[in-house]
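This report goes through one protein model residue by residue, beginning with its cysteines and ending with a pocket. Please keep the sequence and the coordinates at hand while reading.

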Amino acid sequence: MKFLIFPLHTGHSGGTESRPRSFYSKVSNTFSLNTEKLQQRFNMGVEYRWEENKARGFFNDDESKPLRPNSNGRPRPYFDIPAINSVGAYVEDNITWNISDDVKFSMQAGVRFDMLQPGMEEQVESVSPRFNASLSIFDWLKIKGGWGLSAKTPGLTHLYPEPNYVDREVARCLPSDVQNQLVMYQTYITYVERNNMLKNATTNKSEIGFDLEFPNGMSFSVVGYRDYMKNGFGSYSEYKTFYSNYYALGNGITIDADGRPSIDWANPARVDTVFTTTGKTGNTQASLDKGIEFDFNFGRINAINTTFYLNGAYMETSSWTTGPNYSNPTGIPSNSVYGQGGANTPPFKLHYPSGMTRDINRRFSTALRAVCNIPKLRMVASFTGQIVLYSYSYSINNTEKPIGWIDTDLSYHKITDEMWADPDYTIKGIRLTDQIKDPTTYEPVTQLPIWLINMRLTKDISKSVGFSFFVNNIFFYMPYQSSSNSGTLTERNTGTFSFGMELFIKI
């Protein structure tokens with residue numbers, strides 16, 4: 001740890017230096033096997049990717065004149081991050097089986113293997129199988145479905161976290177004479193080790209639906225889906241503590257004869273024990289997405305050379321945290337050393353069960369699009385009307401009882417049933433029964449329907465040259481509306497109005 005005084009300067013110097021290098025190679029093969037009624041195609045391959053950047057990144061030529069004096073954190077050189085190595089392999093089988101004149105079966109099945117940083121302690125790998133199939137019955141009905149696992153590798157900032165800086169005020173003396181004012185900060189730095197506890201964030205995806213074909217080019221498609229991820233990336237509450245002296249006027253700070261403050265480092269007003277997180281990332285986020293999507297093609301109306309399309313979706317998203325859940329105890333006396341030290345200096349940290357709070361969002365939206373062809377003028381005009389019919393958000397908050405606590409020496413203590421049986425049981429003078437978090441009642445928030453209309457006009461000048469003119473939110477509809485539980489008006493559809501022209505050349 002160290003003490004810093006930050007001077008102010010009007011000038012600045014510095015820049016960013018980057019020298020990225022990358023290498024990518026892939027070997028693949030495709031072969032097929034066909035019979036009278038069965039067609040089969042195999043795809044397989046292996047790929048490798050390597051990337052690094054050994055430049056210094058963002059820098060200051062003169063640290064007393066920072067290029068970004070108000071930015072948080074500290075610059076981190078690119079060469080501090082190790083090179084990335086990734087290996088992938090896949091195999092896929094595609095089958096088409098013409099069972100009869102009216103019945104056709106198609107299937108795609110495959111599996112992919114990915115490995116990031118092979119041979120290193122932070123190595124992560126995943127196996128992602130997938131399966132899609134469809135069965136066409138007659139000429140007008142197709143039933144389809146699929147299942148698979150989709151894996152997302154952690155980013156470099158997850159595997160190699162940058163140091164965590166805590167700037168804490170340790171002295172303050174503000175006399176009327178500005179030249180003699182003093183504010184000092186202590187900077188505590190936590191150097192986080194390479195993260196070897198991460199796994200790939202894996203989503204379990206499944207869907208089922210059907211397609212209907214009607215005369216005159218009309219079609220109707222419906223798909224229901226469910227995506228569940230239980231190990232997404234999020235902050236992992238891992239604590240460290242450090243001691244921080246605080247100096248006040250008359251308690252460690254004295255005023256010299258010339259009016260300048262001086263600090264007696266050996267006699268602080270108090271010594272705070274400060275909790276700080278390491279900034280580590282873990283697989284601590286979970287989410288569940290589900291819904292229904294539909295797509296309707298009304299076919300072409302020849303009298304006006306116009307085709308109408310209607311599509312939309314109803315979706316629900318819920319998310320929650322699965323990582324360690326810690327918070328400060330309530331009821332800390334304001335006149336105690338812990339109360340004076342601020343939010344990060346409690347006598348202990350309480351450990352609560354995870355996943356007790358869940359955020360839910362629902363939405364139903366549709367879009368109607370009309371495409372009009374004007375062959376004589378070699379023009380195509382399209383109008384799209386979008387409307388959000390239903391918007392809903394809600395938070396579920398259950399009763400939370402602490403299951404343990406962390407002392408200032410980072411030792412963990414379990415809270416037992418015997419402790420709960422005593423209504424007057426205290427931890428460091430703070431009553432345990434007061435630490436039960438009652439469920440918070442939140443009213444669901446709904447929004448009024450909102451709509452906008454976009455327009456695009458495309459003109460072909462020749463076979464290879466043309467232009468398009470477009471207007472988004474053509475009626476400049478940006479109303480002020482309030483939600484179901486708030487009378488505050490907020491402007492909606494902000495940032496959606498735009499217009500312009502595009503010129504395209506086909507070669």
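## Cysteines and confidence

Cys372 has a relative accessible area of 23% and is therefore partly exposed, where buried means under 20% relative accessible area, exposed means over 50%, and partly exposed lies in between (1.4 Å probe, protein chains only). Cys173, by contrast, counts as buried because its relative accessibility is 6%. A search of the whole structure finds zero disulfides, a disulfide being a pair of cysteine sulfur atoms within 2.5 Å.

The model is predicted, so that local features need pLDDT of at least 70 and side-chain atom pairs count only at pLDDT 80 or more, while totals for chains, interfaces and linings use all residues. Residues are numbered from 1 along each chain as its sequence is written, and side-chain values use heavy atoms, with hydrogens and water left out. The protein chain has a mean pLDDT of 89, with 95% of its residues at 70 or more; pLDDT is the predictor's confidence in each residue, from 0 to 100. Over residues 1-11, however, pLDDT stays under 50, and for this stretch the model has 22 contacts beyond four places in sequence, contact meaning heavy atoms within 4.5 Å.

## Two loop residues with positive phi

Most residues other than glycine have a negative phi. Phe138 has a positive value, with phi near 65°, and is found in the loop between E8 and strand E9 (141-152); strands (E, at least two residues) and helices (H or I, at least four) are DSSP runs, numbered from the N terminus. Asn473 also has a positive phi, near 55°, and is found in the loop between strand E31 (465-472) and strand E32 (480-481). How accessible is Phe138, buried or partly exposed? Phe138 counts as partly exposed because its relative accessibility is 45%, whereas Asn473, at 1%, counts as buried.

## Residues within strands

The table gives the strand and the relative accessible area of five residues.

| Residue | Strand | Relative accessible area |
|---|---|---|
| Tyr24 | E3 (residues 20-34) | 39%, partly exposed |
| Glu52 | E4 (38-53) | 12%, buried |
| Glu293 | E19 (residues 281-301) | 41%, partly exposed |
| Ala313 | E20 (residues 306-321) | 10%, buried |
| Leu350 | E22 (residues 349-352) | 0%, buried |

Leaving aside neighbours within four places in sequence, Tyr24 is in contact with Glu47, Tyr48 and Arg49, and Glu52, under the condition that its neighbours within four places are left aside, is in contact with Arg19, Pro20, Arg21 and Ala83. The C-alpha atoms of Tyr24 and Gln435, which lie 411 residues apart along the chain, are separated by 55 Å.

Glu293 and Ala313 appear in each other's contact lists, once residues up to four places away in sequence are set aside. The other partners of Glu293 are Ser221, Val222, Val223, Tyr225 and Gly312, while Ala313 also touches Ile292, Phe294, Arg363, Phe364 and Ser365. Between the C-alpha atoms of Glu293 and Gly279, 14 residues apart along the chain, the separation is 39 Å, and between those of Ala313 and Arg21, 292 residues apart, the separation is 42 Å.

Which residues does Leu350 touch, not counting those up to four places away in sequence? Leu350 touches Asn325, Tyr326, Ser327, Pro329, Pro402, Gly404, Trp405, Ile415 and Gln435. Of these partners, Tyr326 is 24 residues from Leu350 in sequence and 5.4 Å away in space, C-alpha to C-alpha.

## The second largest pocket

The second largest pocket has a volume of about 300 Å³, and of the 19 residues that line this pocket, the closest to its centre are Ser86, Val87, Arg112, Asp114 and Thr153. On a 1 Å grid over the protein atoms alone, a cavity is a set of points where a 1.4 Å probe fits but cannot get out, whereas a pocket is an open set with protein on both sides within 12 Å along at least five of seven lines, and lining residues have an atom within 4 Å of a point. Grid points are joined across faces, edges and corners, and the volume is the space filled by probe spheres set on the points.

Strand E4 (38-53), strand E6 (84-98), strand E7 (103-116) and strand E8 (124-137) each supply at least two residues of the lining of this pocket. By residue class, the lining divides into eight nonpolar, seven polar and four charged residues, with Ala, Val, Leu, Ile, Met, Phe, Trp, Tyr, Cys and Pro counted as nonpolar, Asp, Glu, Lys and Arg as charged, and the others, Gly among them, as polar.
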